[in-house]
Amino acid sequence: MSIYDQWLKVRDNIERACARSGRSPDEITVVAVTKYMSPEQMQEVFKAGLEHIGESKAQDALEKWEQLGDKGTWHFIGHLQSNKVKYVIDKFRYIHSLDRLSLAREIERRAARHGVRMPCFIQVNVSGETSKHGLHPDEVERFVEHLAEFNHIVPIGLMTMAPYVEDPEQTRPVFSRLKELQILLQDRKYDHAPLTELSMGMSNDYPIAVEEGATYLRLGSCLMGR
Ligand SMILES: *Cc1c(COP(=O)(O)O)cnc(C)c1O
């Protein structure tokens, strides 16, 4: 099946998850994760009408950017080393993996230099897996408060990755925990941190993430039919 046909199936699943949970598909932005795709396949993604793309490795992304940088809206979704921020800052419109102050400082410095305010998701390690990056849920509030000093970072939401499990239903508590954390932080009414968005849900578990309030889905393999 073509990427377009896969996307029709995925879109249908999103619509059904929305119907089950009383949500509108308009609330949801799909970020097509192109890290496994060739530039030719990425062209197919754009032709299918997907506008948002996600890359997780700065080096690979740069090569693709050379060919396709004039298309789409680029999201940096992977672990970001501070020394790579300089490559990311002027190409990507969103960063999904802000998880430490040293990285915030570097994004702030580079964003200020480029005259942009960078929308960032704060990555939270809800599941506690040691293999995953992100702040412990208990650290997030203090971290958000710290971000007030960075005028060129806009904390637009929270991001998490659920563990890979056979039965996606098991991921539900991870997503609902992130939603709870969002509600708690929004109650604080921080001027500098709207935190209106939730980046959660991947190929294996996105219908559950939609039901639990995701506003950005990061979908790779399901668009390639894997
Ligand atoms: C690869 C990746 C995805 C997409 O994963 P799939 O299972 O292929 O949908 C989403 N988010 C991040 C951070 C990734 O690295």
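Me: In which loop is the place of His-133?
Reply: The model discussed here is predicted. In this model, His-133 belongs to no helix or strand named here but to a loop, the one between strand E5 (118-123) and helix H6 (140-146).

Me: Is His-133 buried, partly exposed or exposed?
Reply: Buried residues have under 20% relative accessible area and exposed ones over 50%. The value for His-133 is 38%, so this residue counts as partly exposed.

Me: With which residues is His-133 in contact, leaving aside its neighbours within four places in sequence, and what separates its C-alpha atom from that of Asp-99?
Reply: The contacts of His-133 beyond those neighbours are with His-79, Asp-99, Gln-123 and Asn-125. With His-79, the contact includes a polar one between the two side chains, at 3.4 Å. Asp-99 stands 34 residues away along the chain, yet the two C-alpha atoms are separated by 7.4 Å.

Me: Which residue has a side chain joined to that of His-52 by a polar contact?
Reply: His-52 has its place in strand E2. With a relative accessible area of 18%, His-52 is buried. Its contacts, apart from neighbours within four places in sequence, include Thr-29, Val-30, Val-31, Ala-32 and Thr-73. The side-chain polar contact, of 2.8 Å, is with His-75.

Me: How far apart are the end C-alpha atoms of helix H1?
Reply: Helix H1 comprises 19 residues, 3-21. At 1.5 Å a residue, a span of 27 Å is expected, and the model agrees with this: the end C-alpha atoms are 27 Å apart.

Me: Within what arc do the buried residues of H1 fall?
Reply: The buried residues of H1 are Ile-3, Gln-6, Trp-7, Val-10, Ile-14, Ala-17 and Cys-18. An α-helix has 3.6 residues a turn, so residues three or four places apart point the same way. Seen down the axis of H1, the buried residues line one face, because they fall within an arc of 115°.

Me: Which exposed residues are carried by the face of H1 turned away from its buried side?
Reply: The buried residues of H1 are covered by elements that include strand E1 (29-33), helix H2 (39-47), helix H8 (206-211) and strand E8 (216-219). The face turned away from that buried side carries the exposed residues Ala-19 and Arg-20.

Me: What arc do the buried residues of H2 cover around the axis?
Reply: In H2, the buried residues are Pro-39, Met-42, Val-45 and Phe-46. They lie on the same side of H2, since the arc they cover around the axis is only 95°.

Me: Which residues are exposed on the other side of H2?
Reply: The cover over the buried residues of H2 includes H1, E1, strand E2 (52-55), helix H3 (58-68) and strand E3 (73-76). On the other side of H2, the exposed residues are Glu-40 and Lys-47.

Me: Which elements are included in what covers the buried residues of H5?
Reply: Helix H5 runs over residues 101-114, and its end C-alpha atoms are 20 Å apart, in agreement with the expected span. Its buried residues are Leu-103, Ala-104, Glu-106, Ile-107, Glu-108, Arg-110 and Ala-111. The elements covering these residues include helix H4 (85-88), strand E4 (94-98), E5 and strand E6 (153-159).

Me: What is the phi of Gly-115, just after H5?
Reply: A glycine with positive phi also stands just after H1, where Gly-22 takes about 65°. H2 is followed by Gly-49, with a positive phi near 100°. Just after H5, the phi of Gly-115 is positive, about 70°.

Me: Is Leu-195 buried or exposed?
Reply: Most residues other than glycine have a negative phi, and most peptide bonds are trans. Lys-189 has a positive phi near 50°, and Leu-195 likewise has a positive phi near 50°. Lys-189, in the loop between helix H7 (172-187) and strand E7 (197-199), is exposed at 65% relative accessible area. Leu-195 is found in the loop between H7 and E7, and at 0% relative accessibility it counts as buried.

Me: What percentage of the area exposed by the ligand alone does the protein bury?
Reply: Residues around the ligand include Val-33, Tyr-36, Ile-77, Met-161 and Arg-218. A polar side-chain atom of Lys-35 lies 2.6 Å from a ligand oxygen atom. Polar backbone atoms of Gly-220 and Ser-221 are each 2.8 Å from an oxygen atom of the ligand. Of the 390 Å² that the ligand exposes when taken alone, the protein buries 90%.

Technical notes: Residues numbered from 1 in each chain as written. Predicted model: local features only at pLDDT ≥ 70, side-chain atom pairs only at ≥ 80, totals over all residues. Heavy atoms only, no water. Helix = DSSP H or I, 4+ residues; strand = E, 2+ residues; numbered from the N terminus. Expected span 1.5 Å × (residues − 1). Buried < 20%, exposed > 50% of the residue type's maximum accessible area, 1.4 Å probe, protein only. Arc of directions from axis to C-beta. Contact = heavy atoms within 4.5 Å. Near = heavy atom within 4 Å. Polar contact = N/O pair within 3.5 Å; in protein donor to acceptor, adjacent residues only side chain to side chain. Areas by Shrake-Rupley, 256 points an atom, 1.4 Å probe, with all protein chains shown as cover.
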